[in-house]
Amino acid sequence: MLDFLRTRLAQGTRTSAFPGEAPEFPERFRGRPTLDGARCLGTCRECQAAMPSSLLVVAPDGRASLDVGACLFSPEEATACPHGAISFTADARLSARDRPGLVSETGELPAIEALGRRMQQLFGRSLRLRSVAAGSCNGCEAELVALGNVVFDMARFGIQFVASPRHADGLVITGAVSRNMRDALYRTYEAIPDPRMVIAVGACAINGGPFRDSPEVGNGVPPDLPVDLWIAGCPPHPLTVLDGLLRLLGQLDGQSAPAPKA
Ligand code: SF4
């Protein structure tokens with residue numbers, strides 16, 4: 001018993017200091033992508049052909065932008081551009097209140113507007129979420145489960161996952177919404193009492209991710225489900241999810257980002 005206590009004391013606090021301190025990520029972490037407009041020709045199309053996702057969007061007039069929601073955060077998305085226009089930063093903040101908010105000419109994302117006063121009063125200190133894996137690879141679920149461990153400890157902010165949608169305040173959707181899961185997803189949404197929120201997590205839920213345009217999936221959350229928060233990533237880091245949720249609940253101000261990678 002004494003050995004156990006000594007070991008536990010030696011371990012100290014393992015919980016992340018986030019949001020009090022900016023998180024540190026390993027060197028190989030790939031955060032928000034960025035586009036250097038001076039290097040992107042916008043007309044060569046070489047990178048679009050080599051890219052494993054629809055991260056780069058080129059308008060008919062040649063104007064290029066990044067769809068962060070479509071990003072798979074793979075090294076190939078950066079190396080696809082022979083001019084080195086696309087790179088990854090160490091910024092783990094990857095959320096937006098609406099789908100267009102994930103698309104920009106530089107990869108920068110707008111500040112997240114918190115829920116209205118009434119919703120903040122209801123959920124700001126206690127938020128229960130029901131998660132539905134609607135045809136995902138389970139990568140996103142693994143990161144959502146990690147939110148409950150001692151390092152990320154989402155419960156310290158009053159946010160928890162629950163088993164029954166009838167006990168939930170919101171729906172977290174992962175996966176590209178396969179045909180087999182579509183009905184279950186709608187029934188879960190309808191079982192959550194009003195007012196409720198919907199949170200789309202991961203590239204699959206946002207636009208189908210690597211399964212995009214498969215006849216078995218619906219390219220993400222159906223348009224008639226009102227999404228309150230879009231969290232990009234493949235999968236998103238637990239702190240990316242936590243950051244988005246806290247900003248939605250109005251518990252996190254300030255948008256200072258970690259420095260881009262050299
Ligand atoms: S977004 Fe990526 S990690 Fe998440 S379910 Fe889809 S493929 Fe898996």
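In this predicted model, Ser74 is buried, because its relative accessible area of 13% falls under the cut-off of 20% below which a residue is counted as buried. The residue is found in the loop between β3, which spans residues 64-67, and α3, which spans residues 75-79. When the neighbours within four places in sequence are left aside, Ser74 is in contact with Arg30, Pro52 and Phe88.

The sheet is considered next. Six strands form an open sheet, in which the order is β5-β11-β10-β9-β7-β8 and the pairing is mixed. The edges are occupied by β5 (residues 95-96) and β8 (residues 159-161), each of which has a single partner strand, so one side of each of these two strands is left without a neighbour in the sheet. Strand β7 (residues 127-133) runs parallel to strand β9 (residues 170-174), and the two are joined by five bridges; within this pairing, Val132 has Ile173 of β9 as its bridge partner.

Two helices pack on this sheet. Helix α5, which covers residues 139-146, touches β7, β8, β9 and β10 (residues 197-201), and its direction makes about 135 degrees with that of β9. Helix α8, which covers residues 238-248, touches β5, β7, β8, β10 and β11 (residues 229-231), and its direction makes about 165 degrees with that of β11.

Strand β9 is also joined to β10, again by five bridges and with the two strands running parallel, and here the bridge partner of Leu171 is Val198 in β10. Strand β10 is mostly covered, since five of its five residues are buried. From this strand, Met197, Ile199 and Val201 point one way, whereas Val198 and Ala200 point the other way, and all of them are buried.

The surroundings of α8 can be described in a similar manner. Eleven of the eleven residues of α8 are buried, so the helix is largely enclosed by the rest of the structure. The buried residues include nonpolar ones such as Leu239, Val241 and Leu245, but the charged residues Asp243 and Arg247 are also among them. Together, the buried residues of α8 pack against β5, β7, α5, β8, β10 and β11. Just after the helix, Gly250 takes a positive phi of about 75 degrees.

A search of the whole structure finds two cavities of 30 Å³ or more. The largest cavity holds about 50 Å³ of space, and its lining is made up of Cys40, Leu41, Gly42, Thr43, Cys44, Arg45, Cys47, Leu56, Val58, Cys81 and His83. By class, this lining has seven nonpolar, three polar and one charged residues.

The second largest cavity holds about 30 Å³ of space and is lined by Leu129, Leu144, Phe161, Val172, Ile199, Val201, Val241 and Leu245. The elements that give two or more residues to this lining are β10 and α8. Divided by class, the lining of the second largest cavity has eight nonpolar residues, with no polar and no charged ones. Two of the residues in this lining, Ile199 and Val201, belong to the group that points one way from β10 along with Met197, while Val241 and Leu245, which also belong to the lining, are among the buried residues of α8.

Terms used:
Residues numbered from 1 in each chain as written. Predicted model: local features only at pLDDT ≥ 70, side-chain atom pairs only at ≥ 80, totals over all residues. Heavy atoms only, no water. Pairing = 2+ DSSP bridges. Helix = DSSP H or I, 4+ residues; strand = E, 2+ residues; numbered from the N terminus. Contact = heavy atoms within 4.5 Å. Axes fitted to C-alpha atoms, helices over the stretch in contact; angles between N-to-C directions. 1 Å grid on protein atoms, 1.4 Å probe; cavity = no way out; pocket = protein on both sides within 12 Å on 5 of 7 lines; lining within 4 Å. Points joined across faces, edges and corners; volume = space filled by probe spheres on them. Buried < 20%, exposed > 50% of the residue type's maximum accessible area, 1.4 Å probe, protein only.
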